[in-house]
Amino acid sequence: MEISFNEKVVLVTGAAGGIGWATARMFAESGAAVALADLSEQVDARAKELTEKGYKTIALHCDVSKEEDVKRMVEQVVTTFGRLDIAYNNVGIHASVRKDLAETEGWDFDHVLSVNLRGVWNCMKYELIEMKKLAGGAIVNCSSQGGLVGIANIDAYTASKHGILGLTKSAALEYARQGIRINAICPGTCETPMVKHAIEMSPEHMARVIDAIPLGRMGKPEEIASMVLLLCSDYAGFAIGQTWAMDGGYTVM
């Protein structure tokens, strides 16, 4: 099965590394024009890498927690490529420190939700404005295995990722008759910069987390990206509002 996105315009947030970068790269290789968005300056090098290989790409700097930033980001995509067909809302952060709920600072909780949950809402709002003009499109939101189960000491992250699933389901119902399909994925522990940092900060804890994965290993960013591409393709044309766990079986137990 070969998936082609020729003539499609794709926006990927959190595209500077990890799953976002793998997804942006695979969309470009499948024929799409791709806008890579991130706060990190590394996104410029990522876009340049694809451009030098002959792919149509642009790099955009955006703080998804700020609505005006997101509005400007989507406008830049449309100004550059003329439309927006597909979006993968991938940005996500953890709280600054793993703590019990009663020990967590309010500002830390608010910051995580402003990026992870409000950030997805901001992105969807302006992506949907453009997709409605085309009477079609596809959006995939990145939740987490932490959106399916409770995980101690990362309450804000877990709450935000659960929230993404509710947001996805509601929006999917609102826009189904307008030809816009919205789904969510829930990646497990993968070989990403965020997980690398977690391993450095809590090696014993992360060793237990990885050992608990039924497949016995972490996921690869490309494995998650492949599901994003499938959900955005016509092969998944009957799927809306669904949650797809990509976690090596972690949430099956």
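The largest cavity in this predicted model has a volume of about 30 Å³, a cavity being a set of points on a 1 Å grid over the protein atoms alone where a 1.4 Å probe fits but cannot get out, and a volume being the space filled by probe spheres set on points joined across faces, edges and corners. With a threshold of 30 Å³ or more, the count comes to one cavity. Its lining, made up of residues with an atom within 4 Å of a point, consists of Thr13, Val64, Asn89, Asn90, Val91, Val115, Gly119, Val120 and Cys123. Helix H5 gives the most to this lining, with three residues, and by class the lining of the largest cavity has five nonpolar, four polar and no charged residues. Residues are numbered from 1 along each chain as its sequence is written. Local features need pLDDT of at least 70 and side-chain atom pairs count only at pLDDT 80 or more, whereas totals for chains, interfaces and linings use all residues, and side-chain values use heavy atoms, with hydrogens and water left out.

Space of about 310 Å³ lies in the second largest pocket, where a pocket is an open set with protein on both sides within 12 Å along at least five of seven lines. Of the 17 residues lining this pocket, Lys8, Ile86, Cys232, Ser233 and Asp234 lie nearest its centre, and the lining divides into seven nonpolar, five polar and five charged residues.

The largest nonpolar core (buried Ala, Val, Leu, Ile, Met, Phe, Trp, Tyr and Cys residues joined through side-chain atoms within 4.5 Å; buried means under 20% relative accessible area with a 1.4 Å probe, protein chains only) has 35 residues, of which Phe27, Val34 and Leu36 touch the most other members. Elements giving two or more residues to this core include strand S1 (9-13), helix H1 (18-29) and helix H9 (221-232). Beyond its neighbours within four places in sequence, Phe27 is in contact (heavy atoms within 4.5 Å) with residues including Val10, Val12, Val34, Ile86 and Cys232. A second, separate core of 29 residues includes Val9, Ala35, Val120 and Ile164.

Helix H3 (residues 67-81), a DSSP run of H or I with at least four residues, has 15 residues that should span 21 Å at 1.5 Å a residue, the rise being multiplied by one less than the number of residues, and its end C-alpha atoms are 21 Å apart, which agrees. The buried residues of H3 are Asp69, Val70, Met73, Val74, Val77 and Val78, and what covers them includes S1, S2, strand S3 (57-61) and helix H5 (118-134). H3 is followed by Gly82, whose phi is positive, near 90°.

Notes: Buried means under 20% relative accessible area, exposed over 50%, partly exposed in between (1.4 Å probe, protein chains only). Ala, Val, Leu, Ile, Met, Phe, Trp, Tyr, Cys and Pro count as nonpolar, Asp, Glu, Lys and Arg as charged, and the others, Gly among them, as polar.
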